[in-house]
Structure formats: C-alpha cells, structure tokens
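Trainee: I would like a close look at a single part of this model, taken slowly and with its surroundings.

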Amino acid sequence: MRLSISAKTMIIYGSIFIAIIILTFGLSYFGTVGRLHKDLKDTHIALLKQLDKRIEIVFRSTEKDLLNLSQELEYVYFMYDSFDDASQKYANFYGLSNKLKTMVHANEQFSSVFVYSNTSGDVLTDKAFIKKNEAKDNWLESYIEMSGYSKWIATHKIWDGDKMQDVVTLIRPYPLISSPGYRKGLVAVNINEDILYRMISDVFEGSHEDTHTFIVDDKGNIVTHDDKAQLYRNMTDVPYIKRILDGNGSGQFVDKSNGGEQSVFYTRSNYTGWTIVSVIPQTQLYQPLESIRNLMLAIVVLMVVLALSILFYVNRRTFKPLDRLASKMSGAFKQTEPGRIAGLDDLETVFDQIFMDRALLEKQVRDSKPVLKWRIVMDILTGYRTDYASVSQQLEFIGFRFLSEMFVVCTAEIGKEGGISSKDETLYTYALCNVAEELINMETAGVAIDLGRGRAAIIFSFAEGDKEQNHLRALMIFELILDVTKRQFGLLVTAGVGRCYCDMKDIPKSYDESQKALQYRMVIGSHSVISVEDLIGSDNQDYYRIIKMTDRIVEVLRQTEYGKIQHYVALLFQEAVGGGLSPELIRQLSYELIMKSLQAIAATGIDTEEMLDNMGNLHERINRCHDWQELERIVLTLLEQMARKVEDKRMQRGSNRLIEKMLAYIDDHSSESEFSLAQLATRFELSPTYISKLFKEHTEKNFIDYLIETRINASKELLMDKHRKINDIAEEVGYTNTRSFLRAFKKYTGMTPTEYRDWVLDSNEKLALE
C-alpha cells in the first residue's frame, strides 16, 4: 500500500524528529561552551583585524598624500636641485615648505614631514631647512638604498626642528617607482606614537588593567604600547612574542608564563608587516560564558516541551499541502499514472530538474557579458540609449571606461591578401577590437565591437579639447591601430571616421557618417583612414580655405612670435579681400579668429574674462568698421595683447629641464612612424599619465598635438625643394599613409602641401625681384 508524504512523516519521521530535538538540545548544553569559546576567540581576532584595517586606512591615506605631494613642481625641483640661481632656489624652498605645513595642518595624524634631496644633500621639513653641511644626524640618508618602493619604520626618536618626538615613519623614494641607484631623494611622513596608540585605545575602550594591547614590528621591536616604558624594547626574548613572529597571519593560543594562563590574540598586517597583539587573562576572558551557559540550559528544556506540542500541529499544516504540491509539480514536469499518489521521490526528481535549469542559467549569465557589451554599444550607435550615466555604469560593470564630453565613431573593415575564411574573420575582428581598445585607452577612452562580416564599430570618447582637435586625435590614433594590426597580424584595415559630436544622442549621426565614408574605399583604396571631412565640401570654398589659415595665426600666437603674427594677419586679410569675400564674411572671419585665439590662450591658464571686458562690445566694434584696414588693425592689436599675456604667463612659470630633454628627444625621433607616448615614457622611465600632465603644463599642448606640429614643421622645410615628391616627404617625417599627412597638413596650415609649396616659392620669387 502506497502512503502519502504526510502519512509517512507521521509514521516514520515523527518519533525520530522528537528524538533528534531532545538529543540536539541535550547535546547543545555541552556544546555551547565550545562554540561560544570559539566565537569569543573569533570576535577578538576580528577586533584586531578591524584595528589593523583602521590603521591601514590611515596609512594608505598617508601614502596618497605623498603621491599628491610628488606631483608638485616645487617638490620635483627640490629633488633634482634644478635651480637657475639662489633666489629661485629659496623661493622654491619657501613654496615647498608652505605646502608641507599645509599638508601637516590638514592631517591631524601627521606630526611632521621631511623631504631629503640626495642630489643636494639638503633636508626640508615643515618647520626647518637643514643644509647638507649643517645636518649633524641625517637619519633619512641611510634609507636611500632601501629595497622596495616604501617602508614603514617602527617608533623612533626624531628632532623635527622644534622638539624631540616618538614617531612612526613612512618613507617613499623619488621617483616613486625608482630602484636603488636611480633615486633622487626621499620623503618621510612622521606620525606621533601617541596618535597610533589612541587608535588602539579607542577600539579597546573599557579593557581591564591587566589586559595589554600593543604592536610589534617583524623584528620584535615595540611600535606602540600602553606602557610607555616598553617603547624601544625588543621583545624577542618573550616566549609568546617569538612564537607570534614565527607564525603567519592571525591566530590565538594560551600562554602559561608570568604565573598564570593568559590568552594571546594576534594578527599580522599584510600592508606594514607589523603584528597587533592583545594579551587577556583566561579568567577575565571567559567570565561572560557562565550566564550564557545557564540561559542555554533553560532554553533546551523549553524547546523540548514546545517541540512535542507543535509536532502534530506542524504535520497537519505543512505536510498535507506538501502532498498537494508534490502531485501538482510531478504532474507539471512528467506524466503520472491515474490514481497514483506522488511521493518524495517524484518531488526529488522535480527539484533536480529545477537545480539543473538554475545551473544552466548561471552559466548563460557568465557567458553573456560580451553579448551585453555588444548590445549596449549597438543601442548607443542606433540611438536607443542616450543617457550617459546609465550607459557608463553598465560599461564599467563589464570592464570598459567611457568619457562624457565628445564622441567620434569609426567603422572599420578588415581584409587580407589572399582573402580570409569566415572562421578567421571572426578571430581577426576580435583582435582588431582588442588592439583598438588598448591603444585608445592609452590616450583617452573608448569601446569596440564586432559588427559581423569582418566589420567593427569603434567609439572614441574624450574629456577635453575642441571638435576638430579631437577628430584629428581620433584619426591619428586609428593610423597607429592600422600600423599595429598590419605588423602583428598582416591585416589590411580600412576605416571610415565620422565627425566629432558633443552630445551622446548624436553618436548615431557620427556612426552613419563613418559608414558613408567607408563606402569610399572603392575609390581611395584599402588600408587607409577615410574621414567624412575629406568627402564633404563647403558652400563657399574660398571662405573655407581662408578660415583654415586662422589656425596658423593661433599657433604663432601661442609661440608669441610678433613678426609672424603681423605677417600672417596681413596675408589673411589680403586673401579675404582678394578672394572677393563680402564685408559680412570678412567680419565673421575676424570674429572667428579672435574667438579661436581666446580659446587657445585660455588653455594656458590665462583668465580670458578680464580680456573680454577690456575689449568692450566686440561685435559692435567689428560692425562699426567701414574698411578692412581698420578691421585688420583692431584684430592685430587684440592678438598682440593676447601674445603679451601668454608671454607674461610663461615668464611666471619658468623652465623645466626634463621637458626640454623630452622635446629634444621628440625632435630627434618624430620621423619614426611608430613613435608614441608609450615609447617616450619608457625612455624617461616615467608613467604615460605623469608625462601627459607635465607635458600639458609646460607646452600647453597634448603630446599628440605637439608630435603632429613637429612633423608638419619638418615637412615645411622639405617642401622648399620642389623636386621632392609629396609621398616621400610624408614618409620621411613619420607618416606611413599619405592621406593622413595631407589631412594633418591642411588642418595646421589651411593649405595642401602642393599649395603651400607654390605659395612659398612664389613669395620667394617676389622677394627676389624686389
């Protein structure tokens, strides 16, 4: 006779369940002490780890402050002892000293900050400046050859220029990741030992007098202790300390020294290597367990009585519905015989199927990240997603960074001599996407996806710059992508690039433009970058050509070359008047030139609001001009005022020998087609991010912009020889693709190389005749 689940439960498991309850609660009386004992140990160790985490947060914040300090120019000058004269040197010392004081005052944990230059031998603190020949005991000098990139020193005495203090110290070298023998100096932050101990006392507030919590370093030296007489003591002669130092991680054991048993808890910091130790007498540690033990005995008795009372009630309320559930689920997943009662084996089969389905679903979720990335990017390209905040969060979840200011879309198609099989096509497209994302993220941020059939869509995102500048940067980055894919995989990649847009909702426009540009591969050929700007002209070609000449004027304005400013402004107006532009277009041209110039000097840190106020109503002044000579004088006067502002700003900034060396290195290697920011960083043993920041501060340009400008200037010299071919000149200055050279040359000069050559040669002939 087949019984239902509820009947089986009542007959078979009813008595067993009651026995288990009684036995479990009976054994819990004896097992509670052990478990609570373990929980108490775990709680103390967790408390020590919490203390270690708190100290680590403070110490890591200290390292962050040192990293920020290492970015300061005064700090770099001090380390390299790079000064033109004594006045500049002491002015730099004064500025750095003020920053050290600000750093100490802003962090209540800091007692003092020491900066030591191994180049000069000088030591600067927030309270004193000690010359090399005046330092009686330069304790920092002994750490210049230390191993590693940072070191925490246990409690020691220092004189900070005001008094002797007991401190722990963090030492970092400069440069930050330099090895012994290549270091220019050290920086040390001192934290008062009392502050470190207060962190312990705050966590262990309310501890008894015979409870001790302290910190020792990896050699057994006391770092901090509640008994100040123990400072500077080496405790390796204490048995339990020696046992702690021989162990690893965290732990607990009982020590029977000092006339009684005491529990020793310890945890070792992965960050500093120090060990936090807490020593508590056994009698004090387990005193709370007695009341808990009595309470558990009472609970055991009560639960046995309640279990006997509710067993029948639970069976009636639970197992009857379980019978119905088993019948329904077994009927839903598989066919049962008519009149057959579903049992636990049927229910087990159903649950097995559910768990198998769940495991399959988890695997599908893990495998869906690439699909999720593809879906998000496709939604962006088609205009379905226009909310930057939600898209950036989702892309970060799958491991990609996205910037918010400007966007350029590129559609690329791969090919190979001899053709590509469908299987290899997918692999090569995947390789193209990986190379593109790696190279893009060295300069800015972006994402690439496979569109199928050997095509890929790539989105460039930028956080600064204007539209034309970022469009040109995207083109140059993709030229590098073409070189890498051809060299490493033998791929012939053709790319169409759309315009740069400021709003994420306009990305579909750039995507459509990139696809239209890609269609011109039939005319232009494979393995090239085709910009939509190369395909679409202007309604007024003369105005379009002339307004490009303003870029040249802006460039000489940045260089504060007054003679060239006058010459190029005169040439601009001569071309505008000679080209038959209307007065309205000449006024618009003048206004565009002034606005571009203001944007250029604003990038150098100059306050343009004051200049705009001094100009008055610029539109009204331009519209009041009745002849172009007067308008030329107004424009020239304003440009010369801006040039003087730039000149004054540079005089305040001073020079930087490291940047001068970098510029000389770029001039020597700019003709190499594979030359990049990564190569420059490797040569000078610095990070690309740091070089970009330093480069922007001192040259007022991005690295890519300066490299393009250097190559264009070199090509101008070569164009003076009318027998040289344009293709040869492009290759000689570092361009493997002639179209890229033509595009960059026109962007920076307003003319094609051929037009520029003709213009220069005609100008030279006229000068010779005069």
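Trainee: Which residue in strand 11 is the bridge partner of Ser263? Please set the answer in the context of the sheet.

Mentor: In this predicted model, the bridge partner of Ser263 is Ile280, which lies in strand 11. This bridge belongs to the pairing of strand 10 (residues 262-268) with strand 11 (residues 275-281), which runs in the antiparallel sense over seven bridges. Moving outward from that pair, one finds an open sheet of five strands with antiparallel pairing, arranged in the order 8-7-11-10-9. Strand 8 (222-224) and strand 9 (250-255) each have a single partner strand and stand at the edges, so one side of each is left without a neighbour in the sheet. On average, and with direction ignored, neighbouring strands of this sheet are turned by 30° against each other.

Two helices pack on the sheet, and they can be described in turn. Helix 4 (residues 193-203) touches strand 7 (212-216) and strand 8, and the direction of helix 4 makes about 75° with that of strand 8. Helix 5 (residues 239-246), for its part, touches strand 7, strand 9, strand 10 and strand 11, so that both strands of the pair you asked about are in contact with this helix; the direction of helix 5 makes about 30° with that of strand 10.

How values were computed:
Residues are numbered from 1 along each chain as its sequence is written. This is a predicted model: local features need pLDDT of at least 70, side-chain atom pairs count only at pLDDT 80 or more; totals for chains, interfaces and linings use all residues. Side-chain values use heavy atoms; hydrogens and water are left out. Two strands pair if DSSP finds at least two bridges between them. Helices (H or I, at least four residues) and strands (E, at least two) are DSSP runs, numbered from the N terminus. Axes are lines fitted to C-alpha atoms, for helices over the stretch in contact, and angles run from 0 to 180 degrees between N-to-C directions. Contact means heavy atoms within 4.5 Å.
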